[in-house]
Amino acid sequence: MDDLITNRRSIRRFQDKAVEAEKLTQIFEAARWAPSWGNLQCCELVVVEDVEDKKKLASLLSAKNPATKCVENAPVVIAVCGTPGKSGYYNNKQVTRYQHWFLYDLGLVSQNICLKASEIGLGTVIVGSFDHAQAEKLLGVPDGCELVALIPLGYPDHAPSAPKRKAIADFVHFGQYNPS
Ligand SMILES: Cc1cc2nc3c(=O)[nH]c(=O)nc-3n(C[C@H](O)[C@H](O)[C@H](O)COP(=O)(O)O)c2cc1C
């Protein structure tokens, strides 16, 4: 498991090779089993394979976004959507200081997708910076549901080295936070 976690990389170049339906199913199965607030499972996934739709989605990222090209070129783009106002709410009332626990739930689904993809030889990158409203319109996401992230998916065409991470001692605090 450790290797799976440390070896997963954000992949932004994909081979021109389709992703098998069975592998997609394995990824959706991993998404299904993500934990969620009260097991409410507010996540909805839109699977984009149409060439023109992927091109239009890519046009909604800034040209400077390192993932712009791969949204167009990936064989599959998964749009991670969810319904706000359920996770973190009880009887329609917000029960913690945070309104947007649905984002947390979607993050866990996204992580499951990326780890399973990596385990079965596929690459992914989570993309959060794009014109969300236009992307929702393009993919027909209904009112009350929000498209939060895009995950291009395919066979990797590069093997990037790992970006640096903080040392454990730089973010793990035993007992008290006590910043030095
Ligand atoms: C919430 C979120 C949003 C992200 N948005 C983008 C993005 O818009 N474009 C991009 O190229 N990468 C994006 N990334 C990928 C990060 O840049 C990447 O995970 C980070 O640099 C660490 O690299 P690694 O995933 O290879 O370990 C995003 C990652 C997360 C978790």
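How far is an oxygen atom of the ligand from a polar backbone atom of S129? Keep that one in mind while you look around the model; the reply is in point 2. Here are my notes, in the order I'd click through things.

1. First, a reminder: what you have on screen is a predicted model. Start with the ligand, which has 14 residues around it. The closest are R9, S10, R12, N65 and R165, so to speak the front row. If you sort the residues of this shell by character, you get six nonpolar, four polar and four charged.

2. Now for the question at the top: the distance from the ligand oxygen to the polar backbone atom of S129 is 3.3 Å. Another pair to look up involves I126, where a polar backbone atom sits 2.9 Å from a nitrogen atom of the ligand. With R9 it is the side chain that takes part: one of its N or O atoms is 2.7 Å from an oxygen atom of the ligand. Taken on its own, the ligand has 630 Å² of accessible area, and the protein covers 62% of that.

3. Stay with R9 for a moment and find C114 as well. These two are 105 residues apart in sequence, yet their C-alpha atoms are 8.9 Å apart in space. C114 belongs to helix 5, which runs over residues 101–119. Is C114 buried or exposed? Its relative accessibility is 3%, so it counts as buried, given that the cut-off for buried is under 20%.

4. Helix 5 has something else for you: a salt bridge between K116 and E119, with the closest N and O atoms 2.6 Å apart. Why are K116 and E119 about one helical turn from each other? Because they are three residues apart in helix 5. K116 counts as partly exposed because its relative accessibility is 22%. E119 is partly exposed too, at 46%.

5. The count of salt bridges comes to two, and you'll find the other partners in helix 2, residues 21–32. There, the side chains of R32 and E29 meet, with 2.7 Å from N to O. R32 and E29 are also three residues apart, about one turn of the helix. Which label does R32 get, buried or exposed? With 53% relative accessibility, R32 counts as exposed, since the cut-off for exposed is over 50%. E29 has a relative accessible area of 35%, so it is partly exposed.

6. Next, turn the model until you can see I168, F171, V172 and F174. Together they make a nonpolar patch on the surface, with about 470 Å² of accessible area. I168, one of the four, lies in the segment that follows strand 6 (146–154). At 61% relative accessibility, I168 counts as exposed.

7. Last stop: V46, in strand 1, which covers residues 43–48. Its relative accessible area is 25%, so V46 is partly exposed. Try finding L139 from there: the two residues are 93 apart in sequence, while the C-alpha to C-alpha distance is 7.6 Å. It's a nice pair to set beside C114 and R9, with their 105 residues in sequence and 8.9 Å in space.

Notes: Residues are numbered from 1 along each chain as its sequence is written. This is a predicted model: local features need pLDDT of at least 70, side-chain atom pairs count only at pLDDT 80 or more; totals for chains, interfaces and linings use all residues. Side-chain values use heavy atoms; hydrogens and water are left out. A residue is near a molecule or strand if one of its heavy atoms lies within 4 Å of it. A polar contact is a pair of N or O atoms within 3.5 Å; within protein, one must be able to donate a hydrogen and the other to accept it, and residues adjacent in sequence count only if both atoms are side-chain atoms. Accessible areas come from the Shrake-Rupley method with a 1.4 Å probe; for residues, only the protein chains shown count as cover. Ala, Val, Leu, Ile, Met, Phe, Trp, Tyr, Cys and Pro count as nonpolar, Asp, Glu, Lys and Arg as charged, and the others, Gly among them, as polar. Patches are made of residues with over 30% relative accessible area and no salt bridge: like charges are joined within 9 Å, nonpolar side chains (Val, Leu, Ile, Met, Phe, Trp, Tyr) within 5 Å. A salt bridge is a side-chain nitrogen of Lys or Arg within 4 Å of a carboxyl oxygen of Asp or Glu. Helices (H or I, at least four residues) and strands (E, at least two) are DSSP runs, numbered from the N terminus. Buried means under 20% relative accessible area, exposed over 50%, partly exposed in between (1.4 Å probe, protein chains only).
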